Amino acid sequence: MHEDLVDHLTRSTPLNRGESLRVIQDVLAYFDETAEDFVRRRHRELQGQGLVNAEIFERIEADLGYRAVAPPQFTLRQLRRIVYG
């Protein structure tokens, strides 16, 4: 799993191989949320802060521009269409 990234972190930081692997796994888990799950979670959080939908959706739209999210699940047909049109 991401051996080249583990090697890079081990070379470029004081982390050992096990620590580097754990950091990578933690970061990947943090960004494993799908766009749909992120939107639903952020909507609940912002609604809980008392914001109204107009404000909430503007904030979510802005957040999505900077947020790494898991890619959507593609079917084999969708993958073929991406490649061959």
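Is Arg-17 buried, partly exposed or exposed, judged by its relative accessibility? Arg-17 counts as partly exposed, at 38% relative accessibility, where buried means under 20% relative accessible area, exposed means over 50% and partly exposed lies in between (1.4 Å probe, protein chains only). The model is predicted, with local features requiring pLDDT of at least 70 and side-chain atom pairs counting only at pLDDT 80 or more, while totals for chains, interfaces and linings use all residues. Residues are numbered from 1 along each chain as its sequence is written, and side-chain values use heavy atoms, with hydrogens and water left out.

Salt bridges were assigned where a side-chain nitrogen of Lys or Arg lies within 4 Å of a carboxyl oxygen of Asp or Glu. The count by this rule is nine salt bridges. Arg-17 pairs in this way with Asp-7, and the closest N and O atoms are 2.7 Å apart. Asp-7 belongs to helix H1 (residues 3-12) and Arg-17 to helix H2 (residues 17-30), so the salt bridge ties together parts that are ten residues apart in sequence. Helices (H or I, at least four residues) are DSSP runs numbered from the N terminus. Asp-7 is also partly exposed, its relative accessible area being 31%.

A salt bridge within helix H3 (residues 35-48) links Arg-40 and Asp-37. Their closest N and O atoms are 3.3 Å apart, and the two residues, three apart in the helix, are separated by about one helical turn. Asp-37 is partly exposed, with a relative accessible area of 38%.

Asp-63 and Arg-42 form a further salt bridge, with 3.4 Å between the closest N and O atoms. Because Asp-63 lies in helix H4 (residues 53-64) and Arg-42 in helix H3, this pair ties together parts that are 21 residues apart in sequence. Asp-63 is partly exposed at 25% relative accessibility, whereas Arg-42 is buried, with a relative accessible area of 14%. Both residues belong to one network, in which salt bridges that share partners join Glu-33, Arg-41, Arg-42, Glu-45, Asp-63 and Arg-67.

Within this network, Glu-33 is placed in the loop between H2 and H3 and counts as buried at 16% relative accessibility. The Glu-33 side chain makes polar contacts (N or O atom pairs within 3.5 Å, one able to donate a hydrogen and the other to accept it; residues adjacent in sequence count only if both atoms are side-chain atoms) with the side chains of Arg-41 at 2.8 Å and Arg-67 at 3.2 Å. Neighbours within four places in sequence aside, Glu-33 is in contact with Phe-38, Arg-41, Arg-67, Val-69 and Ala-70, contact meaning heavy atoms within 4.5 Å.
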